[in-house]
Amino acid sequence: METEGKEDKEKKKKTDEGGERERGRDVSHGTACFRELLQYLLYGPLVAKAIYSRAWEGGKEDELWCLHLLFLFVLRGLIHQLWWSFSSMLFLTRKRRIVKEGINFKQIEREWDWDNFLIPQILIGAMGFCLFPSLRALPPWDLKGFFIALLLHVGISEPLYYLAHRAFHSGELFRHYHSLHHSSPVPSPFTAGHGTPLEHIVLSLAMGLPLIGANVIGAGSMGLLYLHVLLFDFLRCMAHSNVEVFGNGFSETFPFLRYLICTPTYHSLHHTEMGSNYCLFMPLFDALGGTLNAKSWPLQKEISSGKNIQVPEFVFLAHVVDVVSSLHVPFVFRSFSSVPFRVIPFILFCWPGAFLVMLAMWAWSKTFLLSFYNLRGRLHQYWVVPRHGFQYFLPFAKDGINDQIEKAIMRADSMGVKVLSLAALNKNEALNGGGTLFVNKHPSLKVRVVHGNTLTAAVILNEIPRDVKEVFLTGATSKLGRAIALYLCRKKVRVLMLTLSTERFQKIQKEAPADCQQYLVQVTKYEAAQNCKTWIVGKWITLSEQRLAPSGTHFHQFVVPPIIGFRFDCTYGKLAAMRLPPDVQGLGMCEYTLDRGVVHACHAGGVVHFLEGWTHHEVGAIDVDRVDIVWRAALKNGLRPA
Ligand SMILES: [Zn+2]
Ligand SMILES: [Zn+2]
């Protein structure tokens with residue numbers, strides 16, 4: 001059963017970069033959190049000053065600058081976050097994405113501290129207010145100051161940044177100071193903040209000079225400070241959003257405007273081709289400097305037409321697990337969704353919002369595109385049925401859910417998707433007979449519908465040591481329980497099947513070859529397993545039931561949600577899962593509680609079905625004869641047990 005040899009394990013250790021990275025983040029997660037907290041402590045003096053001035057000086061008008069700076073800092077972070085959320089809502093932006101690849105864990109790790117630049121900039125601001133007390137009495141708004149700042153931006157900041165950026169692209173300067181910003185293959189709003197200190201000094205100058213100028217002339221205002229800084233961030237994020245937001249008539253309808261504003265396509269071309277499009281926000285300076293990429297406008301037109309989209313060949317049709325875990329998606333928080341899901345206090349604050357979204361999805365949402373990755377040049381997508389786990393157990397919600405799944409299958413079929421794999425409860429026996437309902441209703445489907453449970457069974461079976469003579473099985477008459485029992489009895493392993501229904505037990509027993517039937521034994525009480533150290537749990541078990549297992553028992557499991565490990569003298573297996581091949585590209589999201597690069601076995605089962613080009617649907621009962629075939633095919637294609 002355990003076919004993966006020592007050599008394979010060694011090889012996996014060396015080649016599996018995703019795994020190494022994952023462990024890196026896991027080991028240092030505590031340290032990383034601590035470092036991040038320390039980073040925010042740098043704002044401490046400002047917070048202290050703000051509190052002090054409110055408490056002791058009665059919140060005098062001229063002491064409010066600390067609060068303004070802190071509030072501005074929060075808004076700047078929010079602008080980056082909102083641009084990220086927008087650009088990664090693929091159900092809105094998929095047709096307008098510029099670079100088609102996905103953002104992988106490597107890039108997420110590299111850009112993890114994208115917000116560092118905000119700290120020195122807020123401290124520079126604080127220094128300004130301390131050194132020039134007159135700034136503390138700035139009026140709310142002064143229109144003259146706005147025009148002066150605009151003039152200085154166009155006349156000084158733009159050409160200054162343009163020249164500095166061109167210089168950054170020359171030999172040594174690029175290698176030491178600018179290659180970091182260009183190390184992200186897919187631009188994202190967080191890439192905008194990802195650069196070296198020298199780059200941020202240049203950017204701070206470009207941002208600060210118009211503000212200094214307006215204040216020197218005596219036309220500065222608090223409104224200008226907010227407007228200028230936030231607009232600066234907004235345009236930088238837009239340029240790096242990787243989503244073309246301007247219409248396809250933009251370059252023709254506004255031939256003049258196109259020299260004044262840098263579109264996302266324009267700056268993406270700088271990232272993909274480098275030798276052109278250096279400007280900050282105004283392509284005019286590239287035109288003057290002879291560095292304007294000729295493809296800028298035709299490509300902008302082509303992308304914003306929305307016709308240039310890639311069709312997925314494999315779809316994993318998931319659903320939401322619960323309200324808290326619904327926040328574990330890239331477009332909420334990228335960093336949070338790039339590590340295995342766990343409940344953290346911060347995320348609980350978002351619960352009310354997520355609850356309202358759940359209600360809204362129930363009322364209006366259709367199945368939507370969540371995420372994607374590429375494997376061997378083929379596009380694999382995650383689609384999500386807009387229903388939460390608990391809704392699958394409401395009798396009146398059943399038809400609505402099946403309707404959503406059916407529509408998703410029909411859409412995949414018309415798009416030319418090759419394999420659609422049903423996740424978790426989407427293939428629930430009571431809901432649609434493990435997908436049988438749809439296949440029977442639409443006999444001419446071209447897309448293959450797959451529940452992937454043959455591989456789930458294979459993963460569980462391959463975890464069981466070869467020398468085991470007896471196992472205890474709960475959930476024994478379920479789809480997976482039946483397959484596990486029938487497979488093991490053929491290997492002459494005695495299976496204690498816990499079920500109260502003799503009829504269902506006998507039905508399964510009759511399916512076994514005559515000489516193996518004796519290995520299947522019906523038991524009706526947990527006490528029957530008091531001497532059995534291999535428990536395969538397919539049904540939730542309580543503490544008192546777990547107590548009946550002998551010391552040293554290993555609990556294998558295929559129950560969702562997984563059981564709680566109460567026994568310290570026993571070990572617990574995780575949910576059946578497999579690691580995707582190391583050549584997977586653009587993967588930056590963890591599947592629920594699983595490690596980076598690891599997917600649920602039924603997802604992996606769909607991938608194998610697709611890679612092998614199998615032409616049958618995998619629905620309904622598990623074909624026990626195929627367990628070994630599917631397992632070998634998974635290993636052959638580079639998937640590994642997690
Ligand atoms: Zn550059
Ligand atoms: Zn850039």
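**Figure 1. Four histidines hold the zinc ion (ligand 2) in this predicted model.** The protein donors are H181, H240, H267 and H271, each through NE2. They lie 2.1 to 2.2 Å from the zinc ion (ligand 2). The site is irregular, with angles of 87 to 168° among the four donor atoms. A tetrahedral label would need all angles between 85 and 135 degrees. Along the chain, the donors follow the spacing H-x58-H-x26-H-x3-H. H181 sits in the loop between helix 10 and helix 11, and H271 in helix 14 (residues 264-273), so this pair ties together parts that are 90 residues apart in sequence. H181 and H271 are both buried.

**Figure 2. Five histidines coordinate the zinc ion (ligand 1).** H165, H169, H178, H182 and H270 each contribute NE2, at 2.0 to 2.2 Å. The sequence spacing of these donors is H-x3-H-x8-H-x3-H-x87-H. Within this set, H169 and H182 link distant parts of the chain, 13 residues apart. H169 belongs to the loop between helix 9 (143-168) and helix 10 (171-178). H182 belongs to the loop between helix 10 and helix 11 (197-216). H169 has a relative accessible area of 19% and is buried, because the cut-off is under 20%. H182 is buried too, at 13% relative accessibility.

**Figure 3. The two zinc ions form a pair of sites 5.7 Å apart.** That distance separates the zinc ion (ligand 1) from the zinc ion (ligand 2). H182 is a donor to the zinc ion (ligand 1), whereas H181 is a donor to the zinc ion (ligand 2). Likewise, H270 serves the zinc ion (ligand 1) and H271 serves the zinc ion (ligand 2).

**Figure 4. Residues 151-291 carry a UniProt domain annotation.** The unreviewed UniProt entry gives this stretch as "domain: Fatty acid hydroxylase". In the model, the stretch is 60% helix and 0% strand. Its end C-alpha atoms are 23 Å apart.

**Figure 5. Cysteines C262 and C489 are shown with the cysteine sulfurs closest to them.** The whole structure contains zero disulfides. For C262, the nearest cysteine sulfur is that of C279, 4.7 Å away. C262 is buried, with a relative accessible area of 3%. For C489, the closest cysteine sulfur is in C516, at 5.1 Å. That is too far for a bond, because a disulfide needs the two sulfur atoms within 2.5 Å. C489 is buried as well, with a relative accessible area of 0%.

Terms used
Residues are numbered from 1 along each chain as its sequence is written. Chains are lettered from A and ligands numbered from 1 in the order in which they are written. This is a predicted model: local features need pLDDT of at least 70, side-chain atom pairs count only at pLDDT 80 or more; totals for chains, interfaces and linings use all residues. Side-chain values use heavy atoms; hydrogens and water are left out. Donors are N, O and S atoms within 2.8 Å of the metal (3.2 Å for Na, K and Ca); water is not among the atoms, so sites may look incomplete. Helices (H or I, at least four residues) and strands (E, at least two) are DSSP runs, numbered from the N terminus. Buried means under 20% relative accessible area, exposed over 50%, partly exposed in between (1.4 Å probe, protein chains only). Four donors count as tetrahedral if all angles lie between 85 and 135 degrees; four count as square planar and six as octahedral if opposite donors are over 155 degrees apart and all others between 65 and 115; anything else is irregular. UniProt positions are given in the numbering used here, feature names are shortened, and annotations may be inferred rather than shown by experiment.
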